[in-house]
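User: I am new to this structure and would like to go through it slowly, one question at a time. Please start with the term I need in order to follow the naming.

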Amino acid sequence: MTDRATESRFALLADGSTVEIRQAAPDDAGDVRQMHEQLSPANSYFRFFSFSPQAPKREAERLCRPLGADHGALLARLDGQLIGVASYEPTDRPGVAEVAFAVADEMHGRGVATLLLEHLVSLARQRHLIAFAAETLPENMAMLRVFADAGLQVKRKFADGVIELTMPLPGHDVHQLDNYLDAVAGRASRADIASLRALLRPSSIAVVGAGRQRGSVGREILHNIVAGGYAGTIFPVNPRGGFVEGLTCLTSPDELPEGLDVAIIAVPAEDVATVAEQCGNRGVHALAVISAGLGDSGADLLSICRRYGMRLVGPNCYGIAVPALALNASFAASTPLAGDAGLVVQSGGIGLALLEHLSRLGIGISSFVSVGDKYDVSSNDLLTWWEQDEQTSLAILYLESFGNPRGFARTARRVGRKLPVLTVIGGRSAAGQRAAESHTAAGTPLATQEALFGQAGIVATHSLGELVEAAAFLASQPLPAGRRIAIVSNAGGAGALAADACVESGLTVVTLRDGTRELLSRLLPSRSAVSGPVDTTGAVQPDAFRACLEHVAADDGVDAVLAIGVRTAVADLTEAIRTAAVVKPMAAALLDRSAAVGMLSAAVRDGAPRAAEWPRRVPVYGYPESAARALAHAVSYREFRDAPPGEVPELADVDSVAARDLVSRFLARQPGGGWLPAGQAADMLAGYQITVRADRQASAEDGDVELLVELVQEPVFGPLVVFGIRGLADVPGDRSARLAPLTDADADAMIADVPAAPGLLGESRSVAAARLLMRVSRLADDLPEVAELDLNPVIARADGVYPSAVRVRLAPTVPRDPFLRQLR
């Protein structure tokens, strides 16, 4: 196992500034000594409990000594200047280390010590420490606040004029870990938002590479900015000077004013790094790099952005847009409508298409960012921004890669409790994977994407059209309270198709209650079907159809209404649908429309009752199948939002120490990894209370069910747990997968997601199978060296669930902390 503490990492302070954090080394001793010598007398006394002139020298020697597994020392630098140090040293208590901090006087109050503490916690957990200890003076309120606000449990003891603190490190105590991660996430969100303000609320912008002739990318972006009416200051940059779009061109980024918010870079790939350096020298806050094909110079670009603290969109992107500011710094063909949807995409072309659709539907855009190769700014950043911008009510993502999947999932789950997050799963086939990899050098397997999106509560669609359809409903209608759908149609065949589509989408087509049926019988033409689906016949008049919708929606057994209309010589039902006083969610399908999805502006007739939260628009689809899918996505999102979050079980009976020792001894003998002997594999599982019973064969008893449970370490996503019914595993839908760690809700959902499993297993064996999945998940989380684990078959019997065969492959790994506060 490799220790990652020696790597440089970059993270955001509370004000959005970028700092570098890395392990102290002997060469840093001079800077460390100087920083401590420059501390005020008060801060020096708080650190050393004395005024010894030798303390800075001794502290530098201690912190900058050669690396060792028993101690850690981290430095924070801002613009190359040392601004803070943090360290831990072993104590006489096993697993407990004493921590100490010092921050340059001028940097107090900017979150330096808190950020260093988080990185120390990550390092200590990697090295299997269990607690930090610290001593501080009662007057040192700043340091006491750092400990109190960190999210760690703090135990205090006052002795001899000193406050002694002990802080257990977050481990497998679920509530302790969640509290800590929530505190970290809150700080990360605030810092992220501060760093994005210049990008998404800019008051000044430059376009570097603004060509003099129309048709070039830079010139078209500049044209869109000017033509869109952006009120901020605009600086075109062209080496030949002159005038472009009525503005005077600067000849170089070196001429930019100090502190510009955003620079759009559209220059040849070989010039990007130079331009970025020039922008950094002028204090530009953020870059959006349109240029593609950077190759090896891409690393230089990111390094420059980190050194100067610039946030970076791209490279290989289509730009940004904030319509509320009349800012269209993209090369979209038309100006996006201002509105409610946040949009982040890796494929710029998909992004421009979605801009058109969302504008046409009247949903509009709060902010649009084409992240391209996603060197820095990512979907995590945008979700965090939209969560608090008080403008976005719908988030739409098109992603082909994930830099920090577990961090993304946690962010998406949190944001999804406030607003729906939608995506389309791209690269579902081998050909699609190749296409994704060809233009963003990224691709993610289908099963992994589905697991990630499902656990995060994301509305995941399988086509661009389905994404737009779902967005139309979620942007215009309240969420259905349940899965009970009433269908009302003036064409019996269309009603039948709609019913099939609803059932296939997991919805329930309701049979209306007696009172509702009696009302409809008096209202509708003879031969109308009034039980459900309701067939009004083609002879229905608009007023009767509208009243029918209102009566059906008032039925207590109905959660949402699906109205189907076909224009006839007798009536066009469009106005009836548009003006119906339906106070429950409603979607419509007008089968003679040319558009796949559109929007009707709701305009309730005079005298109709009005609800306080009346829908502004009614989504209208070209086909009942489209409407049913959109309704199903809305219902699933409502269920996610309302469901209590699951919990990762503590599993106090696990012996992870013995299992970790077994893994370490094997890898010491075989550094390259390999397959564990069967006996050792069984011993490792025994530490997790998973008993392998090789003598148990499924053929021995009637009624037994053969299952399979697999674990695969995905290189980026981490451990993926797979469940299936043996013998059915090649049938579509008969395997399910989730990313570890599994909550109890995840484990239950994995079993429910395999259609045959609940019926074959019954309640008691389903519970036992869920427990097995959660134990495998805990093993995966504890032992990242387990590259593959195959329990096949697992025999589900009346008395329990037992693996009868196990295969385990170990591989060396570099531990990563997916929740550590750091930039990509």
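Analyst: Strands, as named here, are DSSP runs of E with at least two residues, and they are numbered from the N terminus. The model is a predicted one. With that term in hand, Pro 793 can be placed, for it is found in residues 786-797, which make up strand β34.

User: Which residue is joined to Pro 793 by a cis peptide bond?

Analyst: Most peptide bonds are trans. The bond that leads into Pro 793 is cis, with omega near 5°, and it comes from Asn 792.

User: Where is Pro 533, which a cis peptide bond joins to Gly 532, to be found?

Analyst: The bond between Gly 532 and Pro 533 is cis, with an omega of about 0°. Whereas Pro 793 is found in a strand, the place of Pro 533 is in the loop between α17 (514-523) and β25 (534-535).

User: Are the residues of strand β3 buried or exposed?

Analyst: Strand β3 covers residues 72-78 and is mostly covered. Gly 72, Leu 74, Ala 76 and Leu 78 point one way from the strand, while Ala 73, Leu 75 and Arg 77 point the other way. On both sides the verdict is that these residues are buried.

User: Which residue of β4 is the bridge partner of Leu 78?

Analyst: β3 has strand β2 (residues 18-23) as an antiparallel partner, joined to it by four bridges, with Ile 21 standing opposite Ala 76. β3 also pairs in the antiparallel sense with strand β4 (residues 81-90), over seven bridges. In that second pairing, the partner of Leu 78 is Gln 81.

User: What relative accessibility does Asp 79 have?

Analyst: β3 and β4 form a hairpin with two residues between them, and Asp 79 is in the turn. Most residues other than glycine have a negative phi. The phi of Asp 79, however, is positive, near 55°. Asp 79 counts as exposed because the cut-off for that class is over 50% and its relative accessibility is 62%.

User: In which loop is Glu 245, with its positive phi near 55°, found?

Analyst: Glu 245 is a residue other than glycine with a positive phi, and it counts as partly exposed, at 22% relative accessibility. Its place in the chain is the loop between β11 (243-244) and β12 (247-248).

User: Why is the pair of Phe 101 and Phe 147 described as edge-to-face?

Analyst: A pair of aromatic rings is described by the distance of the centres and the angle of the planes. Phe 101 is in strand β5 (residues 96-103) and Phe 147 in helix α5 (residues 141-149), 46 residues apart, and both are buried. Their ring centres lie 6.0 Å apart, and since planes over 60 degrees apart count as edge-to-face, the description rests on a plane angle of 65°.

User: What is the plane angle in the pair of Tyr 318 and Phe 331?

Analyst: Tyr 318 lies in the loop between β15 and β16 and Phe 331 in the loop between β17 and β18, so the pair ties together parts that are 13 residues apart in sequence. Tyr 318 is partly exposed, with a relative accessible area of 25%, and Phe 331 is partly exposed as well, at 24%. The ring centres are 4.3 Å apart, and the pair counts as tilted because the planes stand at 35°.

User: Which strands stand at the edges of the open five-stranded sheet?

Analyst: The strands of this sheet pair in the parallel sense, in the order β10-β9-β13-β14-β15. Each edge strand has a single partner strand, so one side of it is left without a neighbour in the sheet. By that reading, the edges are β10 (233-237) and β15.

User: At what angle to β9 does helix α7 run?

Analyst: β9 (residues 204-208) is joined to β10 by five bridges, with Ala 206 the bridge partner of Phe 235. Helix α7 (residues 217-227) lies across β9, β10 and β13, and its angle to β9 is about 155°.

User: How many residues does the largest nonpolar core have?

Analyst: Beyond its neighbours within four places in sequence, Ile 225 is in contact with residues including Ile 205, Val 207 and Ile 234. Ile 225 and Ile 205 are also among the residues with the most contacts inside the largest nonpolar core, whose residue count is 56.

Methods: Residues numbered from 1 in each chain as written. Predicted model: local features only at pLDDT ≥ 70, side-chain atom pairs only at ≥ 80, totals over all residues. Heavy atoms only, no water. Buried < 20%, exposed > 50% of the residue type's maximum accessible area, 1.4 Å probe, protein only. Pairing = 2+ DSSP bridges. Phe/Tyr/Trp six-rings, centres within 6.5 Å; stacked < 30°, edge-to-face > 60°. Contact = heavy atoms within 4.5 Å. Axes fitted to C-alpha atoms, helices over the stretch in contact; angles between N-to-C directions. Core = buried A, V, L, I, M, F, W, Y, C linked by side-chain atoms within 4.5 Å.
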